Amino acid sequence: MTYPAATVVFLLLLVLVVVLGFTAARWKAGDMSHIVEWGLGGRRFGTWVSWFLLGGDLYTAYTFIAIPALMFGAGAIGFFAVPYTVMIYPILYLVFPKLWKVAHRHGYITGPEFLRGRYGNRWLALAVGVTGIFATMPYIALQLVGMQTVIGALGLPGHLPLIIAFSVLAAFTYTSGLRAPAMIAIVKDLLIYLTVIVAVIVIPAQLGGFAAIFAKISPAKLLLAVPPAGSGGAYTGYATLALGSAMALFLYPHAMTGILSASSPKVIRRNAALLPAYSVLLGLLALIGFMAVAAGVQTMPQFASGFKQYGASFAVPALLLNSLPGWFAGIAFAAIAIGALVPAAIMAIAAANIFTRDICSQFIAKAGHKGEVRVAKLFSIVMVVGAVAFILLIPNSYAVQLQLLGGMWIIQTFPAIAFSVFTRFFNGWALLAGWAVGIFSATYLVALNHFTAAIFAFHVLGHTLPSYIALATVVLNAMVAAALSLPMNALASDRAGDETVAADYI
Amino acid sequence: MIKLLLLPVFVIALAVPFFNHAAPSLFGFPFFYWYQIAVVPVGAVLIYIVYRVEENRRGDDA
């Protein structure tokens with residue numbers, strides 16, 4: 001063992017979490033043969049559990065590795081994560097308490113189910129559901145990459161630890177459902193807060209304070225480049241990246257599952273004001289990327305092989321190993337690894353809920369209560385195994401590219417989900433057409449960028465407007481949906497298919 | 001219409017030309033960084049105000 005103290009602490013904490021995961025089934029006990037119990041924790045989570053669950057769900061291991069890595073490699077642009085995670089909360093406050101109410105009234109457990117009820121259109125629900133599953137798969141895979149980075153940093157050998165960790169994850173997800181990540185999230189979030197608070201006090205003290213850290217960052221990386229005349233430059237790129245990411249976040253199945261598991265809309269509204277605490281944490285964490293630059297970990301011989309293997313993603317683990325005592329690095333690494341397990345479990349459950357309610361029961365075979373849970377549990381294992389296979393069989397860079405594409409795809413469900421809790425102006429088929437245009441144009445533009453860059457330079461009326469592809473294409477999507485809804489409402493209205501009434505949303 | 005208070009959250013978070021500067025710095029943080037971190041609690045307070053006002057209007061049952 002290269003880092004014995006760190007490794008021992010790391011393994012002890014992970015064992016603790018596994019025990020918690022299996023005992024969670026008995027917590028806030030319910031009838032586990034019902035999918036609302038397995039897949040939504042019985043909609044029983046109050047303000048504090050939801051705070052931990054959503055915090056653990058949205059601020060993932062991938063975030064904790066990738067955002068500082070982006071700061072480390074590219075500089076100021078990586079800080080878009082902060083405005084992004086500020087703007088998600090007004091959206092959460094405005095849209096999702098309404099979605100919770102209508103879902104509760106009609107027993108929906110997924111976003112697509114709501115659309116099927118709203119428009120009487122199972123094809124629209126299928127499109128949105130499949131988008132969610134496809135966007136989720138690489139996201140789970142990236143959680144594994146995050147975990148792999150810290151396991152590799154500890155010098156543990158090969159893929160075996162990762163396979164063990166995710167087998168255990170699949171097992172406790174199967175038995176405990178959403179209660180497992182909810183309980184584990186409490187441990188994970190406390191460890192993450194502890195890690196970041198200690199790191200931002202101890203490391204800057206070693207490096208001579210924040211002013212000294214920022215002084216070591218090259219001017220080109222410290223701020224965004226000022227745009228040339230006639231172009232929005234880095235400014236529109238930064239702003240659209242933040243806004244588009246914010247619009248996309250709560251559309252991910254795992255985010256929606258976290259929201260729908262709340263015990264009341266009041267819990268969601270409260271959390272819109274309480275969850276931003278995590279965004280402060282994320283801002284400080286992002287700066288760890290700059291601390292890694294200032295500490296010069298990249299040129300230290302003991303980290304050379306790590307950087308070679310994991311690239312900029314190795315910046316955080318290297319800095320923690322270099323600057324903190326071994327046992328504390330163990331705590332920090334455990335926080336990151338558990339930070340991979342929590343969202344991965346919720347993602348697997350969320351995808352399983354969608355497969356069960358929006359694909360299997362609609363297009364394959366209807367099942368009773370017990371059958372539903374069986375299908376969902378099995379599909380959650382398929383998701384986890386699929387993600388592990390993904391990571392073991394294809395290069396990690398593909399997972400990153402697919403995650404990038406996943407963000408472009410999931411935002412295309414924004415008009416259908418977010419607009420439909422306010423209005424029935426749209427026609428279901430028009431929303432489906434808008435979705436198709438959005439998916440196609442976003443994929444095409446990302447392909448033009450060789451699947452590596454999220455920002456495309458649009459030329460509008462003699463101006464250059466670099467924009468996050470997801471945001472530009474979802475605007476197109478909404479315009480198509482609106483333009484087609486007008487004639488379709490007049491000629492072939494589907495309003496009779498709406499099983500919800502206005503009172504369901506208030 | 002208290003919900004209109006949520007609009008400034010987007011404005012202050014997206015005002016890139018306004019905050020893309022190094023000065024004035026605070027505790028060693030360039031403006032770009034401390035401003036955006038400061039936007040987080042400002043946004044949370046605005047959401048909290050909207051929540052309180054709507055909650056009072058609604059009664060405590062919803």
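**His21 of chain B**

I started with the neighbours of His21(B): leaving out residues up to four places away in sequence, His21(B) touches Phe31(B) and Phe32(B). I should jot down right away that this is a predicted model. Next I looked up where His21(B) sits, and found it in the loop between H2 and H3 of chain B. Buried or partly exposed, I wondered about His21(B)? I counted 13 other C-beta atoms within 10 Å, so His21(B) goes down as partly exposed. I also checked a distance: the C-alpha atoms of His21(B) and Val50(B) are separated by 31 Å, with their positions 29 residues apart along the chain.

**Chain B as a whole**

I zoomed out and found three helices and zero strands in chain B. Reading from the N terminus on, I get α-α-α. How does the radius of gyration of chain B sit against that of a compact globule of 62 residues? I'd have near 11 Å for the globule, but chain B has 15 Å. The box tells me about the outline: along the principal axes, the C-alpha atoms of chain B fill roughly 45 × 20 × 15 Å. Of the 62 residues of chain B, I can call 31% buried. I then took the contacts in chain B with a separation of 6 or more, and 53% of them join residues 24 or more positions apart.

**Where the two chains meet**

I looked at the contact next, which takes 32 residues from chain A and 27 residues from chain B. Which helices of chain B each supply at least two residues of the side that touches chain A? I found H1 (7–14), H2 (16–19) and H3 (31–58). H3(B) gives the most to that side, with twelve residues. Sorting the side of chain B that touches chain A by class, I got 22 nonpolar, four polar and one charged residues.

**Over to chain A: confidence**

I checked how far I can trust chain A, and its mean pLDDT is 89, with 100% of its residues at 70 or more. Confidence in chain A is lowest in helix H20 (residues 396–410), at a mean of 82, and highest in helix H21 (residues 414–420), at 95.

**Helix H20 and Gly406**

I stayed with H20(A), which has 15 residues and reaches 21 Å from its first C-alpha to its last, close to the 21 Å expected at 1.5 Å a residue. I listed its buried residues, among them Ala399(A), Leu402(A), Gly406(A) and Trp409(A). The buried residues of H20(A) pack against helices H7 (122–153), H12 (233–249), H19 (369–393), H22 (428–448) and H23 (469–491) of chain A.

I picked out Gly406(A), which lies in H20 of chain A. Why does Gly406(A) count as buried? I found 22 C-beta neighbours inside 10 Å, and the cut-off is 20 or more, so Gly406(A) makes it. Not counting residues up to four places away in sequence, Gly406(A) touches Phe134(A), Ala135(A), Pro138(A) and Tyr139(A). For a long hop along the chain, I tried Gly406(A) and Ser50(A): they are 356 residues apart, and their C-alpha atoms are separated by 25 Å.

**Helix H18**

My last stop was H18 (residues 326–364) of chain A, with 39 residues. From first C-alpha to last, H18(A) reaches 53 Å, close to the 57 Å expected at 1.5 Å a residue. I spotted a bend of about 35 degrees in H18(A) at Phe355(A). H18(A) is mostly covered, and I have 30 of its 39 residues down as buried.

How values were computed: Residues are numbered from 1 along each chain as its sequence is written. Chains are lettered from A and ligands numbered from 1 in the order in which they are written. This is a predicted model: local features need pLDDT of at least 70, side-chain atom pairs count only at pLDDT 80 or more; totals for chains, interfaces and linings use all residues. Helices (H or I, at least four residues) and strands (E, at least two) are DSSP runs, numbered from the N terminus. The expected span of a helix is 1.5 Å times one less than its number of residues. The bend at a residue is the angle between axes fitted to the seven residues ending there and the seven starting there. A residue is buried if 20 or more other C-beta atoms lie within 10 Å of its own, exposed if 12 or fewer, and partly exposed in between; C-beta atoms are placed from the backbone. Two residues are in contact if their C-beta atoms, placed from the backbone, lie within 7 Å. Ala, Val, Leu, Ile, Met, Phe, Trp, Tyr, Cys and Pro count as nonpolar, Asp, Glu, Lys and Arg as charged, and the others, Gly among them, as polar. The radius of gyration is taken over C-alpha atoms; the globule rule is 2.2 Å times the number of residues to the power 0.38. pLDDT is the predictor's confidence in each residue, from 0 to 100.
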